[in-house]
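I opened the model today to look up a few helix contacts and single residues. My notes follow in the order I took them.

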Amino acid sequence: MIKLKQRFERPSKEEIEAIARFSPATLHEAQGRRGALSSRLKPIDYRMKLCGPAFTVKCAPRDNIMLQVAINYAQPGDIIVVSAGEYEEAGSFGDVLANACLAKGIGGLVTDTGVRDTLQLRELGFPVFSLSVCIKGTVKETLGATNEPILIGDEIVHPGDIIVGDADGLVVVRRQEAGEVAKLSQAREDAEAGYIAAYKAGKSVVEVSKLEAVLKAKGLVVED
């Protein structure tokens with residue numbers, strides 16, 4: 001017997017909004033280059049973005065019964081995060097289930113298996129990040145865990161962690177670290193704005209990044 005876990009502690013609306021202001025790349029850098037999911041997981045459309053609390057689910061390869069269970073119990077704004085063994089040869093999610101997600105207000109899907117009906121998914125605008133695109137169907141046989149820590153994209157994701165995705169990829173921010181990560185991300189963006197302003201003012205990359213002494217110490221010789 002497998003007991004379904006419906007409840008977990010979600011981040012506040014304010015915490016999610018604070019994190020959503022930043023790109024996954026900025027969040028990854030700001031939190032000490034942690035949290036980036038494998039670059040193999042990409043959106044099916046470069047315009048797709050997502051940000052919200054992870055509703056985690058474990059699926060057997062080429063089996064989407066627990067994905068459907070997750071859709072049934074997820075709350076508006078949740079991002080369903082599926083660990084399915086990095087199995088590429090299955091289309092576990094398509095336009096029919098996307099419509100079910102949209103009807104519930106679910107915020108997006110992240111899965112380490114395949115999806116299909118990508119043309120319709122793009123037209124619907126439902127954010128989907130997957131390992132592959134595959135037309136092969138799935139079975140509905142094997143039960144699995146929900147809202148427990150899962151391994152996906154070489155990262156552990158806990159229920160309630162904040163998942164952020166855009167055209168470049170995905171990052172996970174621990175729920176309890178959201179406030180601090182938002183502050184660090186803002187500081188990083190402020191610093192980068194300063195770099196850009198310096199470039200526009202005529203300063204060189206080496207000057208702005210203070211690389212002259214570093215390059216000299218490493219033995220770089222610039223010839224006239």
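**Asp-117 and its surroundings**

I began with the contacts of Asp-117: leaving aside neighbours within four places in sequence, Asp-117 is in contact with Gly-94 and Asp-95. I note here that this is a predicted model.

I then looked up where Asp-117 sits, and found Asp-117 in the loop between β5 (114-115) and α5 (118-124). Is Asp-117 buried, partly exposed or exposed? Its relative accessibility is 28%, so I put Asp-117 down as partly exposed. I also checked the record: UniProt, in an unreviewed entry, lists Asp-117 under "binding site".

**Helices α3 and α4**

Asp-95, one of the contacts of Asp-117, falls in the residue range of helix α4, 95-104, and I took the packing of α4 next. Helix α3 (residues 65-73) packs with α4 at an angle of about 20°, and their axes are 9 Å apart. Angles under 35 degrees count as roughly parallel, so I recorded α3 as roughly parallel to α4. For the crossing of α3 and α4 I wrote down left-handed.

Which residues meet between α3 and α4? On the α3 side I listed Leu-67, Gln-68, Ile-71, Asn-72 and Tyr-73, and on the α4 side Leu-97, Ala-100, Cys-101 and Lys-104. Sorted by class, the contact of α3 with α4 comes to six nonpolar, two polar and one charged residues.

**Helices α1 and α6**

I went on to helix α1 (residues 13-20) and helix α6 (residues 178-200), which pack at an angle of about 30° with axes 9 Å apart. This angle makes α1 roughly parallel to α6. I entered the crossing of α1 and α6 as left-handed.

From α1, the contact is made by Glu-15, Ala-18 and Ile-19; from α6, by Ala-178, Val-181 and Ala-182. I counted classes here too: the contact of α1 with α6 has five nonpolar residues, no polar ones and one charged.

**Thr-26**

My last lookup was Thr-26, which lies in helix α2 (residues 24-30). Is Thr-26 buried or exposed? Thr-26 has 8% relative accessibility and therefore counts as buried. What does Thr-26 touch, not counting residues up to four places away in sequence? I found Ser-185, Arg-188 and Glu-189. The range of helix α6 is residues 178-200, and I marked these contacts of Thr-26 beside my notes on α6.

Conventions:
Residues are numbered from 1 along each chain as its sequence is written. This is a predicted model: local features need pLDDT of at least 70, side-chain atom pairs count only at pLDDT 80 or more; totals for chains, interfaces and linings use all residues. Side-chain values use heavy atoms; hydrogens and water are left out. Axes are lines fitted to C-alpha atoms, for helices over the stretch in contact, and angles run from 0 to 180 degrees between N-to-C directions. Helices (H or I, at least four residues) and strands (E, at least two) are DSSP runs, numbered from the N terminus. Angles under 35 degrees count as roughly parallel, over 145 as roughly antiparallel, 65 to 115 as roughly perpendicular and the rest as oblique. A crossing is left-handed if the near helix is turned anticlockwise from the far one by less than a right angle, and right-handed if clockwise. Contact means heavy atoms within 4.5 Å. Ala, Val, Leu, Ile, Met, Phe, Trp, Tyr, Cys and Pro count as nonpolar, Asp, Glu, Lys and Arg as charged, and the others, Gly among them, as polar. UniProt positions are given in the numbering used here, feature names are shortened, and annotations may be inferred rather than shown by experiment. Buried means under 20% relative accessible area, exposed over 50%, partly exposed in between (1.4 Å probe, protein chains only).
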